[in-house]
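Biologist: I've got a fold open on my screen and a handful of things I'd like to ask about it. Could you walk me through it?

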Amino acid sequence: MKTAVMDTPIGALQIKGDQDGICEVLFIEDTDFTQPQEIPSLLWDAVNQLQEYFDQKRTFFDLNLNPVGTDFQKKVWRVLADIPFGKTTSYLAIAKQLGDPKVIRAAASANGKNPISIIIPCHRVIGSDGSLTGYSGGLHRKKWLLAHESPVTQQSLF
């Protein structure tokens, strides 16, 4: 397993992966992280694509992913991966997509355990009433990510 750490506008991201794909992209709270001298070649694409995302040059990721989880969690994460850039959905909508509105709590739990932040866009899931709900990276990051993906166009009054 190879590891890289990158700085972003909302904190450090740790990326882990192996020859089978990216296993983890998670925010780390250690403010004293040191960027490794070299990014492992295995993780170059992930780091570059994430940087392009933060630079507003990428809206879609093209990476091999290999998240570790239960079959149900992986099913939820596949649904999350299909949420378009700049759009949001609700936990109820995800449960319905899975074929059973009664699995809403299980779907929410799987969403919260997503090990590949941003690339599998769990931040795009909000409450049915439009409220921001939990995010393992912190609600301040969720709010930033949603604003980053749906910037309000400013119009001059003059």
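Modeller: Sure, with a word on annotations before we start: UniProt positions follow the numbering used here, feature names are shortened, and an annotation may be inferred rather than shown by experiment. Also keep in mind that this is a predicted model.

Biologist: Good to know. Which residue does the UniProt annotation "active site" cover?

Modeller: The label comes from an unreviewed UniProt entry. The residue in question sits in the loop between α4 (104-112) and β5 (125-126). The annotation "active site" covers Cys122.

Biologist: Is Cys122 buried or exposed?

Modeller: Take the cut-off: buried means under 20% relative accessible area. Cys122 has a relative accessible area of 4%, so Cys122 is buried.

Biologist: And which residues does Cys122 touch, not counting residues up to four places away in sequence?

Modeller: A contact here needs heavy atoms within 4.5 Å. With the residues up to four places away in sequence not counted, Cys122 touches Leu80, Asn111, Asn114 and Tyr135.

Biologist: Which other residues of that loop between α4 and β5 should I look at, and what is the phi of Ile118?

Modeller: Ser117 is in the loop between α4 and β5, and Ser117 is buried with a relative accessible area of 2%. Leaving aside neighbours within four places in sequence, Ser117 is in contact with Val25, Leu26 and Tyr135. Ile118 lies in that loop too and is buried at 1%. Ile118 is not a glycine, yet it has a positive phi of about 70°.

Biologist: Where is Gln56 found, and is Gln56 buried or exposed?

Modeller: Most residues other than glycine have a negative phi. Gln56 is not a glycine but has a positive phi of about 60°. It is found in the loop between α1 and α2 (71-81). The cut-off for exposed is over 50%, so at 55% relative accessibility Gln56 counts as exposed.

Biologist: Let's zoom out. What pattern does the protein chain follow along the sequence?

Modeller: The chain has 5 helices and 5 strands. Of its 158 residues, 42% count as buried. Read along the sequence, the elements go β-β-β-α-α-β-α-α-β-α.

Biologist: What share of the contacts with a separation of 6 or more comes from residues 24 or more positions apart?

Modeller: Leu43 and Gly17 make a handy example, as they are 26 residues apart along the chain with C-alpha atoms separated by 6.9 Å. For the protein chain, residues 24 or more positions apart account for this share of the contacts with a separation of 6 or more: 59%.

Biologist: Staying with Leu43, which residues does it touch, and what is its relative accessible area?

Modeller: Leu43 lies in the loop between β3 and α1. Beyond the residues up to four places away in sequence, Leu43 touches Lys2, Thr3, Ala4, Ile15, Lys16, Gly17 and Ile22. Leu43 is buried, with a relative accessible area of 0%.

Biologist: On to the pockets. Which residues lie nearest the centre of the largest pocket?

Modeller: Rolling a probe the size of a water molecule over the atoms shows where empty space is left. The largest pocket has a volume of about 210 Å³, and its lining divides into 11 nonpolar, 1 polar and 2 charged residues. Of the 14 lining residues, those nearest the centre are Phe60, Phe61, Ala81, Ile119 and Pro121.

Biologist: And which elements each supply at least two residues of the lining of the second largest pocket?

Modeller: About 150 Å³ of space lies in that pocket. Its lining residues include Asp18, Asp20, Ile22, Leu43, Asp45 and Ala46, and the full lining divides into 5 nonpolar, 3 polar and 3 charged. The elements that each supply at least two residues are β3 (21-28) and α1 (44-54).

Biologist: Last one: which backbone nitrogen does the side chain of Glu149 reach?

Modeller: Glu149 lies in helix α5 (residues 139-149) and is buried at 5% relative accessible area. Apart from its neighbours within four places in sequence, Glu149 is in contact with Tyr53, Phe85, Gly86, His123 and Arg124. At 3.5 Å, its side chain reaches the backbone nitrogen of Gly86.

How values were computed
Residues numbered from 1 in each chain as written. Predicted model: local features only at pLDDT ≥ 70, side-chain atom pairs only at ≥ 80, totals over all residues. Heavy atoms only, no water. Helix = DSSP H or I, 4+ residues; strand = E, 2+ residues; numbered from the N terminus. Buried < 20%, exposed > 50% of the residue type's maximum accessible area, 1.4 Å probe, protein only. 1 Å grid on protein atoms, 1.4 Å probe; cavity = no way out; pocket = protein on both sides within 12 Å on 5 of 7 lines; lining within 4 Å. Points joined across faces, edges and corners; volume = space filled by probe spheres on them. Nonpolar A, V, L, I, M, F, W, Y, C, P; charged D, E, K, R; others polar. Polar contact = N/O pair within 3.5 Å; in protein donor to acceptor, adjacent residues only side chain to side chain.
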